[in-house]
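Subject: Structure for your files

Hello,

Here is the structure you asked about. Please open it alongside this message, and keep the sequence to hand while you read.

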Amino acid sequence: MAGGHGESYTYKGVTLHQPKRWHTVTGKGLCAVMWFWVLYRAKQDGPVVLGWRHPWEGHDDHGHGH
């Protein structure tokens, strides 16, 4: 099925073929989305995870007239 197109490497009986361009671009794009999401969540929840703030303290924007 692989047909021998493009470069491939054999190591200890396992043949690794070069990925297609769209696989590489899609993988890098999804990796970027993942890191943006991780950093966004760290910005939002970082103080709670690190113990600097309790989760029940809120965000001080509830508008209760205090």
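Below is what was found in it, going from the overall layout to single residues.

Please bear in mind that this is a predicted model.

Overall layout

The protein chain contains 1 helix and 2 strands, and read from the N terminus the order is β-β-α. The chain has 66 residues, of which 5% count as buried. About 6600 Å² of the protein chain is exposed, and carbon and sulfur atoms supply 63% of that area.

The hairpin

Strand E1 covers residues 8-11 and strand E2 covers residues 14-17; the two pair in the antiparallel sense over 4 bridges. To find the register, look at the pairs across the strands: Ser 8 is opposite His 17 in E2, and Thr 10 is opposite Thr 15 in E2.

Between the strands of this hairpin there are 2 residues. Lys 12 sits in that loop, between E1 and E2. Its backbone deserves a look: Lys 12 has a positive phi of about 50 degrees although it is not a glycine. Is Lys 12 buried or exposed? Lys 12 is exposed, because its relative accessible area is 73% and the cut-off for exposed is over 50%.

The helix

Helix H1 spans residues 21-49, and Met 34 is one of its residues. Met 34 also belongs to a nonpolar surface patch of about 400 Å², made together with Trp 35, Val 38 and Leu 39. With a relative accessible area of 40%, Met 34 is partly exposed. That value lets Met 34 count towards a patch, because patch residues need over 30% relative accessible area.

Further along H1 there is a salt bridge, and the structure holds 1 of these. In it the side chains of Asp 45 and Arg 41 meet, with an N to O distance of 2.5 Å. How many residues apart are Asp 45 and Arg 41? They are 4 residues apart in helix H1, which is about one turn of the helix. Asp 45 is partly exposed at 31% relative accessibility, and Arg 41 is partly exposed at 32%. Both count as partly exposed because their values fall between the 20% and 50% cut-offs.

H1 is also kinked. The kink is about 50 degrees and lies at Lys 43, shortly before the proline Pro 47.

The end of the helix and what follows

Val 48 is in helix H1 as well. What does Val 48 touch, once its neighbours within four places in sequence are set aside? Val 48 is in contact with Arg 53, His 54 and Pro 55. Val 48 is nevertheless not buried: its relative accessible area is 28%, so it is partly exposed, as buried would need under 20%.

Just after H1 comes Gly 51, with a positive phi of about 85 degrees. This gives a second residue to check for positive phi when you go through the backbone, along with Lys 12 in the hairpin.

For a first look on screen, I would suggest this order: the antiparallel pair E1 and E2, then the patch that includes Trp 35 and Leu 39, then the salt bridge of Asp 45 and Arg 41, and last the contacts of Val 48.

Regards

Terms used
Residues are numbered from 1 along each chain as its sequence is written. This is a predicted model: local features need pLDDT of at least 70, side-chain atom pairs count only at pLDDT 80 or more; totals for chains, interfaces and linings use all residues. Side-chain values use heavy atoms; hydrogens and water are left out. Patches are made of residues with over 30% relative accessible area and no salt bridge: like charges are joined within 9 Å, nonpolar side chains (Val, Leu, Ile, Met, Phe, Trp, Tyr) within 5 Å. Accessible areas come from the Shrake-Rupley method with a 1.4 Å probe; for residues, only the protein chains shown count as cover. A salt bridge is a side-chain nitrogen of Lys or Arg within 4 Å of a carboxyl oxygen of Asp or Glu. Buried means under 20% relative accessible area, exposed over 50%, partly exposed in between (1.4 Å probe, protein chains only). Two strands pair if DSSP finds at least two bridges between them. Contact means heavy atoms within 4.5 Å. The bend at a residue is the angle between axes fitted to the seven residues ending there and the seven starting there.
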